[in-house]
Structures are given as C-alpha cells and as structure tokens.
2 protein chains.
Amino acid sequence: MNGFFDFSHKPYILDTACVAGKMESEGPLGGEFDFEDKSNLFGKKTWEEAESEMQRLAYNAVLSKLGFSFSDVELAISGDLMNQCVAGAYSFSNVPVSYIGIYGACSTFALGLAIGSVILNARRNIRIATLTSSHYCSAERQFRTPLEYGSQRTPTAQWTVTGAAAIILSGRKENSDIYVKDAYIGRIIDKSINDPNNMGAAMAPAAADTLTSYFRETGTHPSDYDMIYTGDLGEEGSEILCDLMRESGYIIKDNYRDCGCIIYDIANQDVHAGGSGCACSACVFSARLHKLMRGGKLKNILIIGTGALMNPQMLMQGGNIPGIAHLVHIVKE
Amino acid sequence: MNGFFDFSHKPYILDTACVAGKMESEGPLGGEFDFEDKSNLFGKKTWEEAESEMQRLAYNAVLSKLGFSFSDVELAISGDLMNQCVAGAYSFSNVPVSYIGIYGACSTFALGLAIGSVILNARRNIRIATLTSSHYCSAERQFRTPLEYGSQRTPTAQWTVTGAAAIILSGRKENSDIYVKDAYIGRIIDKSINDPNNMGAAMAPAAADTLTSYFRETGTHPSDYDMIYTGDLGEEGSEILCDLMRESGYIIKDNYRDCGCIIYDIANQDVHAGGSGCACSACVFSARLHKLMRGGKLKNILIIGTGALMNPQMLMQGGNIPGIAHLVHIVKE
C-alpha cells in the first residue's frame, strides 16, 4: 500500500473563496469569509437547498476574484455529506463544466485537492475547481436527528460547520506562487468505534496512519513543516492523535492544530468538542491559511483531511465507524 | 468545457470479476458471473451488509484470478448508491490499500475507469482497482420505499441490478492487450424530469450531451466503433437517446445497446423497463463484454455510464433529477 503522490508538474492554487453561516461568522474567523449569512438559509427555503446554494456562491465568488467565466475552468470536483452528494450535484446542474463527484466524508477538501493535483499531472493545460460544503442543519437531519427533535448533545459531539469553499487549481503558474507539492491518499481504518457523537475518536487512528505513513515515505519529521493541520478531529480527537503520534515516535504538538478548534471559540461558543464537516478544513484554509501563505507567514504546511465513512443505517445495523484521512502538502515558492 | 482525456500512456485492464444475485443469475448472463447467490444476501443479515460483501467478493475474486495479494494493488477507487457510499467504505475497512471514494450514481463504473486511467497517466508504475456495486433491496429502501411496503411499480420503472464488479487497471501492460484509450467526463444536465420511476428519461439527455461532445471532440462517428453501450437507460431511456442523437445528426441505433436491456430478459423477467444501478454496466462489462474483447469479437467499444444525481429528499422538496454521463473508450490492441 502506497498512496503517496509526488507532483513533478506543480498544481498551482490560483485562488479560493468561501461562504459561512451564523455560528462561523460569530467565531474567530468572522469577517474573513467572503460571504456570511446569519440566517443559514442563503436565500433558499430548505437547509439542503441552502447547502447547494453555498457551493454555488463560493464557486461564483472565486471565479469573480480571478476574473474568470464558466468557460475558463474545464473540470469541477465536488463532494459533500448529503445523501448521494446532492449539494454539489445540484449546484453544478446545467453548469457547462465536466463534473467529478467524490465522497470522503469530512476528508473531502483534502481528497479533492489531491485528485485535482493528480489530474493536472496527467493533463497539464487545464484548470480545475475543487469544492466542498457542509451545513449543520442538513447534517444533523441526515446523521443524527432533525433539529426539531431538540436532542441533547454529548460533550464529545462536534458542531458541523455551515459553509462551503471553492478552490481553482491550474497546471500553469499564472499569478500564483502557492502549489500542492505532494499528497497522500489514506486507507480506511476501523478501530471499532461506533459512537456517532464521538467522531474525533473514530477518525484519529486514520489521521495517525496517514501522517506516520507520510513521514516514513518522505523521510521527514513534524518539525520540517511550518504547521500541521487536521480537518476536524475536535478537542477529543486531536488529543488522541497527539498520543498516537507520540507512540509512533513523532511529537507533533508543537506545530499542530485542528481546524475544528480554529473555526470556533470552543470555550465561549456552544460547539462542545469543536467544528466538523467537509467545510471545516475547507473554510479554515480558504478564509485564513491561504491568506497567511500569500502573506508569507506560512510557507510549508500539511493539511490532513479526516473523514468518518459511516451512515446512520450501518450504525443501526451494528456497524462501526470506519475512518479515513487524506493529506496534502501545500507550499509557497 | 472540455472533459476529454486522451491517454498517451495506456491504462491496461488486467482482469475483472463480478458477482450477482437471483434476478441476474436467472437472466441472459446467468452462469457468466464469477459468483451468484440466489438468496441475494451473500451470507450477511441485511441488504446493506450484503452489498458491501459483494464488493469484497468481487475484489477477492479478481485478485485471485491474477494471483495477486492485497499488496499488489496500490489504490482502490469505489463508489455505490448507498447513502454516504458505505458499500465501498465498509468493504475496504482495514484493507491495506489507499482508497478514493467517488460518487456518480449509476455512472460510477465508467467514472471509476476514467479516473483510474487518468491517475495511471500521472503515476505509471502502480495498479489500481476500480469497484462498484448496487443492490435491488438496499436501493429500493433508499430511493423509493422499503420492499416490505409492497409498492406497485410503474411501467417505466427499472430494476436495480444486485451485483458488484471489480477491475484491476495497470500502468504496465503485464499480460493484457485491452486498455482504456480515452475518456470523456460529462457535465450535469437537468431537463426538469422529476419522476423517480423514470430515470431513463432523466439520464438520456446527459448521455446524448456526452456522446455528441465526444464525437465532435474526436471527429469520429458511431460507425467507427464496434459497439456503443450505455449503462442503464432501459428501454424508455434508450429510445430517447436514439432520438436525441438523431436530432444531433448521429445515427447510433445500428450498433448501440443499453446494458440495462442486456442483463435481463425484459420480455420474460418482471423488470419493467430494464436494469439499472451502478452494477448494471459494471457486471455486463465484466461478465460479457470483457470476455468478447478477450476473444477478439469486440475490439473497439464505447461505454457511457449514466447516472441520476438526485436523492429522495431533494425530490420531496420539489427538486428535479439531474443526469450525468461519463464515457470510456476501450480498445483491444
């Protein structure tokens, strides 16, 4: 098993845009998103339509930033948490761009960047959009219970980020100096965790597997990177990851943070163990990390998207929660 | 928009294996599947577990045919119809292979082959497994109503194929002379069809869009190919496709068939408009077309996977059924 992909031809990140909802706009990144809507509905009538609309808004925003029209991008790669990945599918309905649907649960942001980068190494003269989204209200309906039930949340539960982000990758440098240097596609790890309110614990072993495999493959160490970010392990999962990494001989705590602990003020917002969802790492990258890289404050980072690959039916049938983690190494020239 | 991918480095199809259920084993391809189970349960207790088990069986079967172990394949690409794509995720739980989840509804077979081929053009020295599955009983529960309700089926309804197929692709020729020459990733087309019992009509415009785009891009015509196959348009959708293609100036009826009309004996099996599901084109290719290519009876075919990208919730909220179609061009040297 070797999911390491080194890119001899650099896939450049031209730009990114993101939108977010109420809880996110009231958090530490409030004001840094390209578009915020405190109603969480984005002009639509249902949470599901709202999620799809967020992808549309993020895509239009990034095209607009770059002065691009639909015809300037050849391929879109999108994935989300909704049954049958409809957020992406409906947002790209009748949009004249080839469309690849992916599913990696909350690891989708990193998975999309990795696949897009691989494709740009096979076909160099195109641009690719990668998108993802999640919505607290649509996710609660699909994975736990509809909000109207008023269920009590456990301390280990995480808060699904309401947001979407779009990135434009290009096989040409254009005006960018930020690119995906390499990537690691993870394998599926099942450590018999079956509590849907403790996703961090279910995903941490997959993050550890991917990160240790990556360090061994590249012969690098945590200190070789400015920062290491996981997608959405939350407080609980982050601690488990640090423990697992230490057991493997890697101390990551000095330059490691989880995006689920960045997007919310955990001490003062009612989000329990932190943020989760496809949009968690996507919006943190788009709203903050990409800007820090542009400004030169970050030059060399790892992002490990973390996903829990179950659905509620499998849990009801006695199944566990398999985890997966995909890594992208993003560098400023 | 240009989803055409030409493969300068040939992605070889080393071998394939498939499993199928009762209705399929009683149809025209009965006896040609590698494994058949008339109970449709494959030793498991639920339909969902059975679907996951089918992918596991197909994967083990194709590895066995090639004399391979898990460590001989670097990457798996899998997708299915289940919520959050759990059939693939659970079948690859703790399997030591990097895993990419994709979602293309019933176009997944062609999408997986296309993505696998693109990846082999970026990284040539690996082997990739592409898998897909569908199960009549799990699909009815997720997309329409649980079987126990005893709902009446409409004449345009199709029968979801219970089956799974696995293919091993390689960047090296090894012992194969069959490869993916090029591929076309389609865009999402919504023609305002919203009847979940008439998927053929919803998907046919996407198939026509992809096929005409492909002919224009390559400067070829239907008669340049031994056969053109669509994934699962059924009788209704196939007729619509022939009409749409004729309007665009392409006569395909002389060398065109839909896999949904091949896998069942439509006149004598109670499948209404024909087969559907991710496994439809996958099992027809694996059980029949690949063998015809090996024997030299087919040397140059197009397979257009067709997918309906909705979920029941979006339909209940007034949404349409967006369609998508991905094309792979498979050739014998």
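**Note on the contact between chain B and chain A**

1. No salt bridges are counted between chain B and chain A: the count is zero. The model is a predicted one. Polar contacts do occur, and across this interface 30 residue pairs are in polar contact, both residues of each pair at pLDDT 80 or more.

2. Which elements of chain B supply at least two residues each to the side that touches chain A? They are the strands β1 (4-6), β5 (98-101) and β14 (323-332), and the helices α2 (47-66), α3 (86-91), α4 (108-122), α5 (136-143) and α9 (312-316). The largest share, six residues, comes from α4(B). By kind, the residues on this side of chain B are 34 nonpolar, 18 polar and seven charged.

3. As to extent, chain B and chain A bring 59 residues each to the contact. The area buried between the two chains is about 5000 Å², and carbon and sulfur atoms give 56% of that area. Of the area that chain B buries against chain A, 15% is supplied by B:Q84, B:Y90 and B:I188, more than any other three residues.

4. Helix α5 of chain A deserves a separate look. Why is α5(A), residues 136-143, largely enclosed by the rest of the structure? Because seven of its eight residues are buried. These buried residues are A:Y136, A:C137, A:S138, A:A139, A:E140, A:Q142 and A:F143.

5. The cover over the buried residues of α5(A) draws on both chains: it includes α2 (47-66), β6 (127-134), β7 (159-160) and α10 (312-316) of chain A, along with α9 of chain B. That helix of chain B, α9 (312-316), is also among the elements listed in point 2 for the side that touches chain A.

Definitions and conventions: Residues numbered from 1 in each chain as written. Chains lettered and ligands numbered in written order. Predicted model: local features only at pLDDT ≥ 70, side-chain atom pairs only at ≥ 80, totals over all residues. Heavy atoms only, no water. Contact = heavy atoms within 4.5 Å. Buried area = accessible area lost by both parts, 1.4 Å probe. Salt bridge = Lys/Arg side-chain N within 4 Å of Asp/Glu carboxyl O. Polar contact = N/O pair within 3.5 Å; in protein donor to acceptor, adjacent residues only side chain to side chain. Helix = DSSP H or I, 4+ residues; strand = E, 2+ residues; numbered from the N terminus. Nonpolar A, V, L, I, M, F, W, Y, C, P; charged D, E, K, R; others polar. Buried < 20%, exposed > 50% of the residue type's maximum accessible area, 1.4 Å probe, protein only.
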